[in-house]
Amino acid sequence: MLTDDLYRRLSGAEVDAHATLAIVMCTTDAEGWPHPAMLSYYEVAAIDRQTLRLAVYNDSRTCRNMRERSKATLILTDEHLACYVRGAVTDVMPAMASAPYNAMFVLRVDHVKFDTAPEDLEPGAFVTTGIRYRPRTGAALEQARAVLRELVAG
């Protein structure tokens, strides 16, 4: 179950505060190898504390892996935050109205783990930043906002 802070972070209400942060999503490929991909906070929406909606390129290996194995883990990092959100995924829409190149999935949260350095072994150690990217602007930002609105609305 998502904590209050994670729910608020992923609900879409605070997207501007996280607009430059990437979320790493890991799936498993047919050979059993981890397959990482990056999503933005515009492509993940917490509907409640146990349900996330995800927008993923519908022709990607990530999408294929989720369809074939029905599992994914999200990795969220930011200052003082390293968190893993694991769950079962279901394909609910092969092409989103706001972005036909995206499929919509639902992730049912079954495990949330916060990763912190043990104070006795690594005093004062903590994550200082998440993975960042240059923020969208103009039409690309409006497209991202439309995707997030569709995820939130379902």
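**Exercises on a seven-stranded sheet and its packing**

Met25 stands opposite Leu74 in E5; strands here are DSSP runs of E with at least two residues, helices runs of H or I with at least four, both numbered from the N terminus. The model is predicted, so local features need pLDDT of at least 70 and side-chain atom pairs pLDDT 80 or more, whereas totals for chains, interfaces and linings use all residues. Residues are numbered from 1 along each chain as its sequence is written, and side-chain values use heavy atoms, with hydrogens and water left out.

**Exercise 1.** Determine how strands E1 and E5 pair, and place them in the sheet.

*Solution.* Step one: strand E1 (residues 22-28) and strand E5 (residues 71-78) are joined in the antiparallel sense by three bridges; two strands count as paired if DSSP finds at least two bridges between them. Step two: the open sheet has seven strands, ordered E2-E1-E5-E6-E7-E4-E3, with antiparallel pairing. Step three: strand E2 (34-40) and strand E3 (44-48) are the edge strands, each pairing on one side only. The twist averages 35° from one strand to the next; axes are lines fitted to C-alpha atoms, for helices over the stretch in contact, and angles run from 0 to 180 degrees between N-to-C directions.

**Exercise 2.** State which strands helix H2 lies across and which strands helix H3 touches.

*Solution.* Step one: helix H2 (residues 61-69) lies across E1, E2, strand E4 (51-57), E5, strand E6 (81-93) and strand E7 (102-114), at about 50° to E1. Step two: helix H3 (residues 138-153) packs on the sheet and touches E3, E4, E6 and E7, its direction making about 20° with that of E3. Contact means heavy atoms within 4.5 Å.

**Exercise 3.** Identify the residues with the most contacts inside the largest nonpolar core.

*Solution.* Step one: a nonpolar core is a set of buried (under 20% relative accessible area, 1.4 Å probe, protein chains only) Ala, Val, Leu, Ile, Met, Phe, Trp, Tyr and Cys residues joined through side-chain atoms within 4.5 Å. Step two: the largest such core has 40 residues, and Leu2, Leu10, Leu52, Leu54, Leu74, Leu76 and Val85 have the most contacts inside it. E7 gives the most to this core, with six residues. Step three: leaving aside residues up to four places away in sequence, Leu76 touches residues including Leu6, Leu10, Ile23, Tyr41 and Val85.

**Exercise 4.** Locate Ser70 and give its phi and accessibility.

*Solution.* Step one: Ser70 is in the loop between H2 and E5. Step two: its phi is near 60°, a positive value in a residue other than glycine. Step three: Ser70 has a relative accessible area of 31% and is partly exposed, a class between under 20% (buried) and over 50% (exposed).
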